[in-house]
Amino acid sequence: MQDDSHDSLEMGGIPKRAGPTEPLNGCHGGGNSIDNLSTLSDLRDAKNVDNFSQKRGDVNQTNYNNHEGIRKDNNSAKKESERMTEHHVKQDAAELGIARIESIPKPLKACTVFRETPSGVKGQSVEPHGVKNGNLNHHGTNHVPVPGSISIVNSMGESSEDSRAVSATAGETRELEDTLASRGWRRRRRGGVAERVLGCYRGVRQALLRCLEETPIVVPGLVLTMMFCVTIIIIIPTTEKNLSAHVGELAVVCVVLCLCVSLLVFLPCLPTLRRCEQMLALFIWSALFITAIVFIFTGGVITTWEQVAFFLFLSLSVYTILPLTLSWALIFGIGASVCHIIIISVYVPITRPGTRDLAVQLVANAVLFVCVNCVGFFHLWLSECACRKTTKSRETFSCTRFKRAKQKRDQEHLLLSVLPLYIAKELKEEIVKRLSDKCTGADNKPNFHSLYIKQHKDVSILYADIVGFTNLASSCTPEEIVAVLNKLFGKFDEIAKKNGCLRIKILGDCYYCVSGLPDSIPHHARNCVQMGLDMCTAINKLREATEVDLNMRVGVHSGNVLCGVIGSLKWQYDVWSNNVTLANRMESAGVPGRVHITEETLGHLGGAYQVEEGNGASRDSALQGRKTYLVIDPHKQDSTSTKSKASNALMVSGKIKLRASVRMSQYLQSWHSVKPFSVLHQPESSITGTPTPLSNPGQPQLVTEPISRQTSCKESRTAGVLENGSAETLDIDATEQKTTKLNWLTLLFYDIKTEKQYSFSEVQGIHQSLACLAFIFIAVFVVQMLTSEKNLPLAVSYGVTFPVQLMILLVVSTGFLKQSNSKISSSARLVSSLSRGVATMAVLRLLLVFTCLLITLLMAFLNLVFLPGDNCLNSSYNASALDNMNLYTVPYYLYCCLVAMLGVVVFVRMCFSAKLFLLTLAVVVYLALFLYVYAPRSDCLMLQLYPNSSSKPGILKNPKIMSGIWLAMFYFTSLILARQDELACRVEFFLEKCFQKEHDDMETTENVNRLLLQNLLPIHVTNFFIGKDVPNQDLYSQLCESVCVMFASVPEFKDFYTESSLNGDGLECLRFLNEIITDFDELLSKPKFNVVEKIKTIGTTYMAAAGLTIPTIREERKDSDVSKNNIRSMVDFAIALMGRLDNINRHSFNNFRLRIGLNHGPVIAGVIGAHKPQYDIWGNTVNVASRMDTTGILDKIQVPEETAQVVESMGYAVTKRGVIHVKGKGELATYFINTEPTQHS
């Protein structure tokens, strides 16, 4: 263990992973027989891999005798280490949920060249080594002789030395060739046809799916129109003998059918046509409108109820099955209705002036058109509202997701730039586990805190100290010190990265790093030695250019370490072991400008460098009995000319030279070192998110699949940050594979849990659907009152059903009224709770909706039963009797049934199976009634309109036949709408669930990452670096005026630490140190210590400061009050540390004691380092506090005189120790603080 001078760390490591991968020895194939030439290529490739592996093995054994050779060897070793850890990286990536395609190099494959052998003898074949006469070679692979003389050569054009020729007779060769050719031809013929058919099917399927995805409404509209046209084309020839009277209708229907078929064929092939969705909708509607006009004026007498069903369908289609906006739908829907009313009101009085109840029938037509337009408007309004809501939620979520993704990315980069991947992963899993235990209420507190330390063998440790930096710092301001340190250590970080080293910590002006962590590197000693030489070279150039007396003293030692983090706050990756302490000694006993190495390090160099005797024992007695060496730099340059040029360059117009700090700053600008966390502010285009169904907001999909192509931009982004890890994210969730969520036929979720959640989810706006159904009910009632005979059954039926409908509507609507429950009666509260139950309870909701729909569907035809006319075909009925029956009511009851079927559609969130049941039941009953039960009334109506047998009506004028057609059309239309609504609702539900899940996951990840970051950096420092929209060009530095700094060490732990096989080479000792540090960290969670911030641990020394955060406006007080509050908090914290250590001693039967030093004053806080940024504080206050600890006494809190005066004024008793010598400060009067305050003020 190291001493307590706070100049360096002690001990560290992780277990060694697998060594570098061995060169490939060959490719072992299977034992299957082959019948084509590909096997020769495979065997050739395997042999070439053998040759390549052998050559690579020879290269790896080459000795390196100069600097460039070492660099190349080091790069080769790094590549080997990357290949070795590739499997571990994949496992880590799978566990962390890395959505990224690994850049795995493809296996080497030699190029193949087929040419004739030099002998030129035909009928011979060349086989790889071990293959002869079709027998298995040593790889276990069969070989079949191939006609012709063939030589297999590698990519260099050289013949394979191991291949041998095997002769075969010409007859055998020709027979084999014919057999293989025959078999291959048959297979190719069968396979070619099958592949073409399969490819054709896949192409058509993809085109149709793309068409349905981009035009989901136009395709059903086209199909429905085609069904109608085909039905008309089939019915007219089968029911009419005189086709000449229906030429017009047939011509128009055929033209519309051809156009619809053409559009359906070209839609999948023409993207431009799919983009003109509204134009297609208008075209289809125009074709149907022209067809309807033709139907009115052909086929017979024009009546007031003529083609009302067709125009009802036209008005409905613009709102439902045609993709028109609400304004255009209103224009065309109302326009179609008005056109029908105008045509009938103008044409019928002229052609049939004696039409009975013309005005009444026109009013009934108007009521029907108003009802259909209102229903269509309501459905389209609900759809657009749902679409706008979904789009808004998507946009909001997308924006939030983007911001959270950026913040999450910055947090993870911040975390992974400080800790290696495997440590960060373990710490994150521990935090997630801790949070989950809190949520579940589990309280299984372990006996020991978690330890994140592992042993690692065969590493090299480098300690480097900047000689002369203390004198330079005395002439610099704190801001200049931070800038100079960041430049210097940033340069050292770049050198460390180039040489395969990992910087561990920065301790003042001391820099130390390790090679061989976290992954093993064979040439770790060469890496550290070369890094030390490069550091000395960089400082030499700096000294020659600026004439500032600086130099580097470097010490290197090789051995085993323990590495990881200790404590629960402000984690810093560290190493511990006696080897680390020895490396520190090597640095302190070194020579400025030279690299001082031990005998163990020399043994790992393999003669790569020349060395000379180091005589380290003469400069440090702790090295007695050890041989040390000084490395001779093979590229040491003469700097005379450089020095003179630099000296002249830094003169200012022949005047006096600038200050040393200014000269340093000017020269260091040329180094262009990386600023801390600069990677966090790169362009946002490289941010990638978790694949979600957000790619096409207009057409949501329920199929999720990973988007791996976006991850390529991550590689360049993180290459410069994660040099201490091997992955790019800390996501725990694995990438979700492509899975289908819905059954395409039933529209049910495959996941039963999701289906239950959807079925029992709350339904909003059901009162609106009930209100629309009530409007349909009223419209049906008005039409029947206008066209039917006013009788008692009509009054009784509506007198009973209307109050039921009204009561259900009022009950459901009550819960949606924005009223205060305190102002309504208990009965009203009961009704309101019942209303909320309808929205939340699926069974109750379904029961009420079924009741209302059954009433409406029943009342659409019920009163037709009580009307006379069942025996109208009897001869006793004459023309006047038929006129008195008002038989025109039969078509209007049909229209009432059509409108009533639309009532099922207005309940958007009702399950599709229930809608299917009700619609099927209704259409079956209606068809039975109009085609069989009340068919005689339709015949009587035709007899009344066409009394002469010679003038028979056309099929389009027959209400019985057209009733069947229109019932079927409205049935299929309602089913299409019901299915579209069901799909849209399920998609919306699923997306909301996905949004909520991803939002929760992002919040959890953000909270976990934030907890991790709080354990790395102070919160205000973390907020400074993350969440920026513009690149931060400034270093983080902050001058804090009133800060109290504490150093608390456990010097006796140095003697307690031992390394043996019994304690895991010191691992159990570090476990005990981890318990001590973690208990100290737990004290910081108390509110009374909220101003205390842990800075770091240096071996067994605990460093903390109070007063680093900037107070808010409400917290601003006088400087004296702030200083006293900080000192009080720190003194109380120091006393609490001593009490906590006493408690640990009682439970562990030890007798450790603390030695504490305090000081207060101004400090400069900042972040330095390029690739492993580190938060630290500097200044005279920090130096004095450190000396108060190192010169202190066990169980005492030592403070300088100025701090003692403030402490005594707050009520604490102090005892004067006297004047002591403090290194770098001279003679100082110090005091001890009594652990018990005499009073509180």
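Tyrosine 512 is buried in this predicted model, with a relative accessible area of 0%, and the exercises below start from this residue.

**Exercise 1. Two tyrosine rings**

Decide how the rings of tyrosine 463 and tyrosine 512 are arranged, and state which parts of the chain the pair ties together.

Solution. Begin with the surroundings of the partner: tyrosine 463 has a relative accessibility of 0%, so tyrosine 463 counts as buried. Next take the geometry, remembering that a pair of aromatic rings is described by the distance of the centres and the angle of the planes. The ring centres of tyrosine 463 and tyrosine 512 are 4.5 Å apart and the planes stand at 5 degrees, so the pair is stacked, since planes under 30 degrees apart count as stacked. Finally, place the two residues: tyrosine 463 belongs to strand 5 (residues 452-467) and tyrosine 512 to strand 7 (residues 510-515), so the pair ties together parts that are 49 residues apart in sequence.

**Exercise 2. A pair between two helices**

Classify the aromatic pair formed by phenylalanine 289 and phenylalanine 311, and locate both residues.

Solution. The structure holds 38 aromatic pairs. In the pair considered here, phenylalanine 289 and phenylalanine 311 are 6.0 Å apart from centre to centre, with 80 degrees between the planes, and the arrangement is edge-to-face. Phenylalanine 289 sits in helix 8 (residues 277-297), while phenylalanine 311 sits in helix 9 (residues 308-317), so the pair ties together parts that are 22 residues apart in sequence. As a last step, consider accessibility: phenylalanine 311, at 0%, counts as buried.

**Exercise 3. Strand 12 and its partners**

Describe which way the side chains of strand 12 point, and find the strands that pair with strand 12.

Solution. In a regular strand the side chains alternate between the two faces of the sheet. In strand 12 (residues 628-631), Thr628 and Leu630 point one way, whereas Tyr629 and Val631 point the other way, and all are buried. Turning to the partners, strand 10 (residues 595-598) pairs with strand 12 in the antiparallel sense over four bridges, and valine 595 stands opposite valine 631. Strand 11 (residues 611-613) also runs antiparallel to strand 12, joined by three bridges, and here glutamate 613 is found opposite tyrosine 629.

**Exercise 4. The side chain of threonine 628**

Which backbone nitrogens does the side chain of threonine 628 reach, and at what distances?

Solution. Threonine 628 lies in strand 12 and, at 2% relative accessibility, counts as buried. The side chain of threonine 628 reaches the backbone nitrogen of asparagine 615 at 3.4 Å, and a polar atom of this side chain lies 2.8 Å from the backbone nitrogen of glycine 616. When neighbours within four places in sequence are left aside, the residues in contact with threonine 628 include Met586, His596, Ile597 and Leu623.

**Exercise 5. The two sides of helix 36**

Work out which residues of helix 36 are buried and which exposed residues lie on the face turned away from them.

Solution. In helix 36 (residues 1201-1209), the residues Thr1203, Ala1204, Val1206 and Val1207 are buried. These residues cover an arc of only 165 degrees around the axis, which puts them on the same side of helix 36. The face turned away from the buried side carries Glu1202 and Gln1205, which are exposed. Following the chain onward, helix 36 is followed by glycine 1211, whose phi is positive, near 105 degrees.

Terms used:
Residues numbered from 1 in each chain as written. Predicted model: local features only at pLDDT ≥ 70, side-chain atom pairs only at ≥ 80, totals over all residues. Heavy atoms only, no water. Phe/Tyr/Trp six-rings, centres within 6.5 Å; stacked < 30°, edge-to-face > 60°. Buried < 20%, exposed > 50% of the residue type's maximum accessible area, 1.4 Å probe, protein only. Pairing = 2+ DSSP bridges. Arc of directions from axis to C-beta. Polar contact = N/O pair within 3.5 Å; in protein donor to acceptor, adjacent residues only side chain to side chain. Contact = heavy atoms within 4.5 Å.
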